[in-house]
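User: Please take a close look at one part of this model, the sheet of chain B and the helices packed around it. I would like one connected account.

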Amino acid sequence: MTLPLIAIFGALTLLAAFLSDRIRGLFLFTLSILAVYALQPALPIRYLDFWLPTAALGLASIFWISLRGAEWHSADNLLSAAWMAAIVLILALTRFLPSAPSPLTPSMPPRLELVFAALLVVTALAALTGRVRFGWVHAVGLVALIGLLAILKSPEASLWAAKALRLANGQSAETASSFDIRWLGISYIIFRIIHTLRERQMGTLPEVSLREYVTYIFFYPALTAGPIDRLERFVKDLRAAWKPANEDWIVVVQRIGLGLFKKFVLADSLALMALNAKNAGETQSTGWAWILLYAYTLQIFLDFSGYTDIAIGMARMVGIRLPENFNAPYLRPNVTHFWNNWHMTLTMWFRAYFFNPLTRALRTRQFPIWLVIFITQFATMALIGAWHGLTANFILWGLWHGLGLFIHNRWSDATRARFGEWATTPLRQNILNVSGIVLTFHYAALGWVWFVLPTPSLAIQFFARLFGA
Amino acid sequence: MPPSFSLPRALLKGLFLYLAVVLLIALPLPDIGKLSAYNALFPGRPRLPFGENPSEAYNFSLFNLDAMFASHEISDGTKPADEFRVLVIGDSSVWGTLLKPDETLSAQLNASAPMVCGRQARFYNLGYPTITVTKDLMLMDYAARFQPDQIIWLTSLEALPLDKQLDTPLVANNASAVDALIEKYALPLSPNDAALVRPDFWDRTLIGQRRNFADLIRLQLYGVQWSATGIDQIYPPYPAPQTDFADGDDKFHDLRPPLDEAALAYDILAAGMNHVPAPILLVNEPIMISGGVNSDIRYNFFYPRWAYDAYRTQLAARAEANGWNYLDVWNLLPQSEFTNSAIHLTPAGETILAQNILNALQPTCP
């Protein structure tokens, strides 16, 4: 989000803070829908930057119906659905404004009849979904969502899809690029939807209205960079009566101020000196290579956690207490603690829906414990890497951390007793702790080499530079 | 939290503090540009900051002379006693467009490592990629504080048209420096010229100054990547300079023969030659002499033959009349030693030029 957009959404959220509970809910619902369009970047494929947000809303509606089954059509939900459709149509109508496209859409919306037809298709699919058994929707939905994410995260598949969409649109496929399909917040949207599908499957999902569900999936402070909240927790806040107290305003000002400072002052400044694909091959000395790497290590943390601070502060204005995503991850004494404090909501998601089930499955098959740990750590971290992008560099970054977690687990098991006997004084405990922090920080920092450099060969070349070659 | 906390009061206090900071910053902070991490945390740059693609060149253009010079290696401590300090002044051909730092004229001069007056000569690149003698004079005047023993000033006819002297962004955005030059050297320029940017009160507030402050910070931050990579310029593929002039145009800045000396800034050139406190070698820099269509009318993109020939005659006459140390190397190099323009040289061209300049230096030893 840019500074002007943060200012606009911040001002609107401030307004929402003073609305009555019922009106505030409707206001947040509306604002979240509008944000999906307003925050979507403009795309070179004609009308795609309108269709992608519309498809995201459609997906959310269809999956909500599947969660609710046959009991979805209350007056409140019908009104919410009508209101969503009305907003989409109003956005489409902005193409007739003299100053079109309006700031509400990234570019000119498509023709009204096409939008109307799309809404009819979504309605038909939603109605159909409501009649299908949840087990089917759950299985097909998971495959479809993961497949969609895989296409979007894979440069080759994205390029192929971009070419297909261009041809379907009557545009030249020659200029297609994998960046043609940048779907704002889709990784978070899909993970929230999968969370609700899994919780429904496990029977732990609360009953929510369409308005609540859509507000949860597209809640605008957390749309672009998380955190990934749990529906049950989010809806509890959304339903609660809310009148901000002074301490809430202090949190709001502190978190938004801190977030803006972290992102737009510190992180953006560090970006001017941080490691990137260009300067990695140009760096002439080991010392400067480390400085570029440290700059990137701090930049990525300050950038990401800055956005999280802004999201948490903005949400607090309207009584939503979004979960923390970072808790001083670079000050942790080992890789396991690092991952318990880095992008916490993402790791909790993977722990709940992948790591734990996989661990249980392997244990029931009587695998040796070290092998269970090896498989689960590496598989989970590879998937976390792939979530950032289905490319070798992200997967290697994930495997790097999988290796770190596995080694730490084995090392810690093997040496816990010995270190426990040695670290009997506060000084010795501090030595252990500080050494752990320094080692973990550097392990995480070196991991960013895989993450930020687009090819393994460039990363290896930079590792060589870091270690004196 | 204190029980007396009041949100409106807190917001009012915040607003007051904000306005105080924004307005107080309007008080003059003349030396802020001298605060620099260059020559302290990282090495000074071998040429003045300039560039239009910072993210790739790790360099960019700003207008704060203090900051520009503070980032330059010439600001690295005091002048050593055994150094014979030579400033090389000029346009983009001196700065070194399309040349790496070790290929510029100054670098080639340094590579020769001559001893002058019993001291080791060190040449500092103070070229800047815009072409007016007022800009050169401004930089030369500023650089006088660095105790030069000798100045080499490369110029060309394109630096002289009087009507463009204040149009250079670096000059236009340093109105107070231009005022001082006008007063000090009685230059034929008007301080009321509309090209000069004169900030009002609001321009001097934090909001008005935000770009300048950001530039100062960015200059420091790009120092890291400059130090890490040694890169201060990008080297894109470029087209060869124009050699065919099908339209046969023979105008030079709307001037017609004979070349009107009053339309040229010879007085500004003379101010530099006569008043800057160091001996100057004035060099009429090499230009490309094209052999294409209508090359009998034009030497190159910049110059019709009549104008350039008249300029050379006029400049030589002034140099002789004033006793200037003058070197005319206009036709020193073949067409093959120019890169993307009729004044930008290849590394080999710079080597040849450097040798000719070294031969022409007549230092005054104490």
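Analyst: Contact here means heavy atoms within 4.5 Å. The model is predicted.

With that cut-off, Val133(B), Thr134(B), Leu137(B) and Met140(B) of helix α6(B) are in contact with Ile268(B), Leu269(B), Ala271(B) and Gly272(B) of helix α10(B). Sorted by class, the residues in this contact are six nonpolar and two polar, with no charged residue.

Two packed helices are described by the angle between their axes and the distance between the axes. Helix α6(B) covers residues 133–143 and helix α10(B) covers residues 266–275. Their axes come within 9 Å of each other and cross at roughly 20°. Angles under 35 degrees count as roughly parallel, so α6(B) is roughly parallel to α10(B). The crossing of α6(B) and α10(B) is left-handed.

Helix α10(B) also leads to the sheet. On that side, α10(B) lies across β4(B) and β5(B), which are residues 150–155 and 280–284. The helix runs at about 165° to β4(B). Angles over 145 degrees count as roughly antiparallel, so this one falls in that class.

The sheet itself is open and has six strands, in the order β2-β3-β1-β4-β5-β6 of chain B, with mixed pairing. β2(B), residues 115–116, and β6(B), residues 325–328, stand at the edges. Each of these two has a single partner strand, so one side of each is left without a neighbour in the sheet.

The partner of the edge strand β2(B) is β3(B), residues 119–125. β2(B) and β3(B) run antiparallel and are joined by two bridges. In one of the pairings, Val116(B) has Arg119(B) of β3(B) as its bridge partner.

β3(B) is also one of the strands met by a second helix, α5(B), residues 105–112. Helix α5(B) lies across β1(B), residues 83–89, as well as β3(B) and β4(B). It runs at about 170° to β3(B), an angle that is over 145 degrees, so α5(B) and β3(B) are roughly antiparallel.

β4(B) therefore links the two descriptions: α5(B) lies across it, and so does α10(B), while α10(B) in turn meets α6(B) through the residues named at the start.

Notes
Residues numbered from 1 in each chain as written. Chains lettered and ligands numbered in written order. Predicted model: local features only at pLDDT ≥ 70, side-chain atom pairs only at ≥ 80, totals over all residues. Heavy atoms only, no water. Axes fitted to C-alpha atoms, helices over the stretch in contact; angles between N-to-C directions. Helix = DSSP H or I, 4+ residues; strand = E, 2+ residues; numbered from the N terminus. Parallel < 35°, antiparallel > 145°, perpendicular 65-115°, else oblique. Left-handed = near helix turned anticlockwise from the far one by under 90°. Nonpolar A, V, L, I, M, F, W, Y, C, P; charged D, E, K, R; others polar. Pairing = 2+ DSSP bridges.
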